[in-house]
Amino acid sequence: IWSSVVTIVLVEARGLPPDPEGSLSEPYVKFRLGNEKYKSKCSWRSRWLEQFDLHLFDEEQNLEVSVWRRNVQLGKCVIDLRSLPRERTHGMWQTLEDLAGSIFLLLTISGTTASETITDLTNYKEDPRERLTLEKRYHWHRCFQNLRDVGHLTVKIFGATGLAAADLGGKSDPFCVLELINARLQTQTEYKTLSPNWNKIFTFNVKDMTSVLEVTVFDEDRDHKVEFLGKLAIPLLRIRNGEKRWYALKDKKLFSRAKGVSPQILMELTVIWSPVRAAIRALEPREEKLVQQEAKFKRQLFLRNVSRLKEEVMYVLDCGRWIQ
């Protein structure tokens with residue numbers, strides 16, 4: 001049984017040598033963690049923007065990364081995952097061995113199954129001194145210190161109910177994913193249930209108070225593929241601190257209820273922030289979200305646009321005949 005989930009966002013590479021044959025062959029990247037492997041798509045600009053998950057086992061903690069072109073290895077590096085703090089997204093440039101180039105990754109180790117972690121709500125006791133220290137960090141007389149540190153978000157996820165059955169036995173294996181721009185954390189998987197109890201607490205460093213926290217519930221399959229169960233989006237400016245409440249889960253477009261029996265999730269959110277730093281940050285461009293959902297081909301929308309184009313063409317032809 002895996003102990004954690006390693007979420008990797010492959011962003012880009014710099015300084016890769018040109019192809020000596022002068023062809024337009026595109027580099028790609030291979031990842032290996034234990035027995036699990038992943039191969040990226042090819043990109044001539046060396047900018048991939050791919051996200052994927054690997055499962056971490058206690059006996060294997062080294063992530064091998066290698067860059068290839070036309071089945072020839074250009075360079076590689078090894079990342080020791082023991083040295084990285086859990087439940088936090090790390091942006092890192094890794095220098096490649098035997099190569100002057102480097103590669104940029106966003107790496108998160110979350111979904112920890114061990115109950116003794118500090119993120120387990122059953123053993124968590126809130127420290128008033130820690131809360132006071134946070135409030136002092138964003139007090140008005142310190143508003144011009146560390147302008148990039150806008151705020152601190154704490155999310156307590158207790159559980160969900162009414163989820164749709166994704167398995168043949170009428171149950172699901174749900175887990176929850178939290179995304180704040182490019183920071184991504186997830187809970188452990190609760191197997192064979194429609195009312196999971198995750199009891200996890202997560203913290204995010206807020207860089208922009210105008211951003212939105214996205215919470216998505218998925219079902220885990222044996223082949224590590226996922227199935228969508230529900231989603232919600234919460235703007236940080238609309239959070240009511242310390243309010244423990246049920247949030248209704250929506251479909252992928254956030255238009256209507258998700259499948260199931262009135263699916264909902266129980267959470268408590270707290271955000272402590274500096275209004276002065278947030279106002280200064282709002283004057284700058286938004287942070288780019290590195291992984292966006294690819295637009296799917298929709299036949300109805302395509303036919304509608306073809307009909308509109310046909311009407312415009314016929315109108316121009318009619319005008320030409322009238323002028324003639």
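Biologist: Let's start with Gln 188: which backbone oxygen lies 3.2 Å from a polar atom of its side chain?
Modeller: The backbone oxygen of Trp 198. Before we go on, this is a predicted model, where local features need pLDDT of at least 70 and side-chain atom pairs count only at pLDDT 80 or more, while totals for chains, interfaces and linings use all residues. Residues are numbered from 1 along each chain as its sequence is written, and side-chain values use heavy atoms, with hydrogens and water left out.

Biologist: Okay. Which side chain does the side chain of Gln 188 join through a polar contact?
Modeller: That of Glu 190, at 3.1 Å. A polar contact is a pair of N or O atoms within 3.5 Å; within protein, one must be able to donate a hydrogen and the other to accept it, and residues adjacent in sequence count only if both atoms are side-chain atoms.

Biologist: Where does Gln 188 lie, and is it buried or exposed?
Modeller: Gln 188 lies in the loop between S11 and S12. Its relative accessibility is 9%, so Gln 188 counts as buried. The cut-offs are under 20% relative accessible area for buried, over 50% for exposed, and partly exposed in between, with a 1.4 Å probe and protein chains only.

Biologist: What about the whole chain, how many helices and strands are there?
Modeller: Three helices and 16 strands. Those are DSSP runs numbered from the N terminus: H or I with at least four residues for helices, E with at least two for strands. The chain has 324 residues, and 44% of them count as buried. Along its principal axes, the C-alpha trace spans about 85 × 55 × 55 Å.

Biologist: Switching to helix H3, how many residues does it have?
Modeller: H3 covers residues 299–323, which is 25 residues. From first C-alpha to last, H3 reaches 36 Å, close to the 36 Å expected at 1.5 Å a residue. That expected span is 1.5 Å times one less than the number of residues.

Biologist: Why does H3 lie largely in the open?
Modeller: Because the number of buried residues in H3 is zero, out of 25.

Biologist: Now pockets. How much space lies in the second largest pocket?
Modeller: About 1100 Å³. Its lining has 39 residues, and the closest to the centre are His 152, Phe 202, Thr 203, Phe 204 and Asn 205.

Biologist: Hang on, what's a pocket here?
Modeller: On a 1 Å grid over the protein atoms alone, a pocket is an open set of points with protein on both sides within 12 Å along at least five of seven lines, whereas a cavity is a set of points where a 1.4 Å probe fits but cannot get out. Lining residues have an atom within 4 Å of a point. Grid points are joined across faces, edges and corners, and the volume is the space filled by probe spheres set on the points.

Biologist: Which elements give two or more residues to that lining?
Modeller: Among them are helix H1 (128–137), strand S9 (151–163), strand S12 (197–206) and strand S16 (260–273). By class, the lining has 14 nonpolar, twelve polar and 13 charged residues. Nonpolar here means Ala, Val, Leu, Ile, Met, Phe, Trp, Tyr, Cys and Pro; charged means Asp, Glu, Lys and Arg; the others, Gly among them, are polar.

Biologist: And which domains give residues to it?
Modeller: Domain 1 (4–110) and domain 2 (118–283) both do, so the second largest pocket lies between them. The domain bounds come from an automatic or database domain assignment.

Biologist: You mentioned S16. Where is Thr 270, and which backbone nitrogen lies 3.4 Å from a polar atom of its side chain?
Modeller: Thr 270 is in strand S16, and the backbone nitrogen is that of Gly 242. Thr 270 counts as buried, at 14% relative accessibility.

Biologist: What about the backbone, what is phi of Asn 71?
Modeller: It's near 60 degrees, a positive value in a residue other than glycine. Asn 71 is in the loop between strand S5 (62–69) and strand S6 (72–80), and counts as exposed at 64% relative accessibility. Glu 87 also has a positive phi, near 55 degrees. Glu 87 sits in the loop between S6 and S7, but counts as buried at 13% relative accessibility.

Biologist: Last one, strand S4: is Leu 56 buried or exposed?
Modeller: Leu 56 lies in S4, residues 47–56, and counts as buried at 1% relative accessibility. Leu 49 is in S4 too, but is partly exposed at 29%.
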